Amino acid sequence: MYLVADIDQDICSGTSCKLCTQYCPEANTIQYDEGLGAEGSKYGSAYVSVDRCKGCAICVWVCDTMAKHHAIKLEMIDKIPEIATTLGMQYTATGVVAERIKSEVLSEG
Ligand code: SF4
Ligand code: SF4
């Protein structure tokens, strides 16, 4: 098990800053989707492809200290209920799909 970045989409979609996407050192790891976020939100949300995330916490610092939105935390990968990967490229709230993607990622790690 290891730590990965987890973005609170409800908080993130309250702003259109996208700052973290510019600072993550791993290519294509934090991405932005206009369709994500809180219901009725004006903006989309950033999300993390956990199979690429190295848990460096740079994005946490950027969101906390630069953007001051406090939307990102590091979390153990097996504790994240909704995850996206570069394989599926989908952020899903359905437990079944999330569990499948999670087991794929964990079996690779
Ligand atoms: S820095 Fe924080 S609020 Fe800004 S896009 Fe990233 S997660 Fe969202
Ligand atoms: S923890 Fe590091 S590698 Fe992972 S999404 Fe944040 S900045 Fe990128």
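Trainee: How do the residues of the shell around ligand 1 divide into nonpolar, polar and charged?

Mentor: Start with the class count, then look at the names. In this predicted model, the shell around ligand 1 has eleven nonpolar residues, two polar and one charged. The shell holds 14 residues, and the closest are C12, C17, C20, C63 and H69.

Trainee: Which residues are the closest to ligand 2?

Mentor: Read that shell in the same order. A5, C24, C53, C56 and C59 are the closest of the 13 residues that surround ligand 2. By class, this shell has nine nonpolar, two polar and two charged residues.

Trainee: Back to H69. Where is it found?

Mentor: Place a residue in the chain, then in space. H69 sits in the loop between helix 3 and strand 4, which spans 72–76. Leaving out residues up to four places away in sequence, H69 touches I11, C12, T15, C17 and C63. Two of the names, C12 and C17, are also among the closest residues to ligand 1. The C-alpha atoms of H69 and G14 are separated by 9.1 Å, with their positions 55 residues apart along the chain.

Trainee: Why does H69 count as partly exposed?

Mentor: Count C-beta neighbours. Buried needs 20 or more within 10 Å, and exposed means 12 or fewer. H69 has 17 inside 10 Å, so it counts as partly exposed.

Trainee: How many helices and strands does the chain have?

Mentor: List the elements, then their order. The chain has four helices and four strands. Along the sequence they follow the pattern β-α-α-β-β-α-β-α.

Trainee: Which strand does strand 1 pair with?

Mentor: Look for bridges and direction. Strand 1 and strand 4 run antiparallel and are joined by five bridges. To fix the register, take one pair: L3 stands opposite M76 in strand 4.

Trainee: Why is strand 1 largely enclosed?

Mentor: Burial again. Four of the five residues of strand 1 are buried, so the rest of the structure largely encloses it.

Trainee: What about strands 2 and 3? How many bridges do they share?

Mentor: Strand 2, residues 30–33, pairs with strand 3 over four bridges in the antiparallel sense. Here the register pair is Y32 opposite A46.

Trainee: Which way do the residues of strand 3 point?

Mentor: In a regular strand, side chains alternate between the two faces of the sheet. In strand 3, S45 and Y47 point one way, while A46 and V48 point the other way. All four are buried.

Trainee: How many residues are in the largest nonpolar core?

Mentor: Take the total, then the hubs. The largest nonpolar core has 19 residues, and A5, I7, C20, V48, C59 and I72 have the most contacts inside it. Strand 1 (3–7), strand 3 (45–48) and helix 3 (58–66) each supply at least two residues of this core. Take I72 as a case. Beyond residues up to four places away in sequence, I72 touches A5, D6, I7, C20, C59, V60 and C63.

Trainee: What share of the chain is buried?

Mentor: Buried residues make up 28% of the 109 residues. For contact order, use separation. Of contacts with a separation of 6 or more, 66% join residues 24 or more positions apart. One distant pair in sequence is K79 and D6, 73 residues apart, with C-alpha atoms 10.0 Å apart. K79 is in the loop between strand 4 and helix 4, and is exposed, with 10 other C-beta atoms within 10 Å.

Trainee: Which way should I read phi at K18?

Mentor: Most residues other than glycine have a negative phi. K18 has a positive phi near 60°. K18 lies in the loop between helix 1 (9–12) and helix 2 (20–23). N28 also has a positive phi, near 55°. The loop between helix 2 and strand 2 holds N28, which counts as exposed with 11 C-beta neighbours inside 10 Å.

Trainee: Which element has the lowest mean pLDDT?

Mentor: Begin with the chain. Mean pLDDT is 84, and 79% of residues reach 70 or more. By element, helix 4 (residues 95–108) has the lowest mean, 55, and helix 3 the highest, 98. Over residues 91–98 the pLDDT is below 50, though this stretch has eleven contacts in the model beyond near neighbours in sequence. Where pLDDT is low, the predicted coordinates should not be read in detail.

Conventions:
Residues are numbered from 1 along each chain as its sequence is written. Chains are lettered from A and ligands numbered from 1 in the order in which they are written. This is a predicted model: local features need pLDDT of at least 70, side-chain atom pairs count only at pLDDT 80 or more; totals for chains, interfaces and linings use all residues. A residue is near a molecule or strand if its C-beta atom, placed from the backbone, lies within 6 Å of it. Ala, Val, Leu, Ile, Met, Phe, Trp, Tyr, Cys and Pro count as nonpolar, Asp, Glu, Lys and Arg as charged, and the others, Gly among them, as polar. A nonpolar core is a set of buried Ala, Val, Leu, Ile, Met, Phe, Trp, Tyr and Cys residues joined through C-beta atoms within 7 Å. Two residues are in contact if their C-beta atoms, placed from the backbone, lie within 7 Å. pLDDT is the predictor's confidence in each residue, from 0 to 100. Two strands pair if DSSP finds at least two bridges between them.
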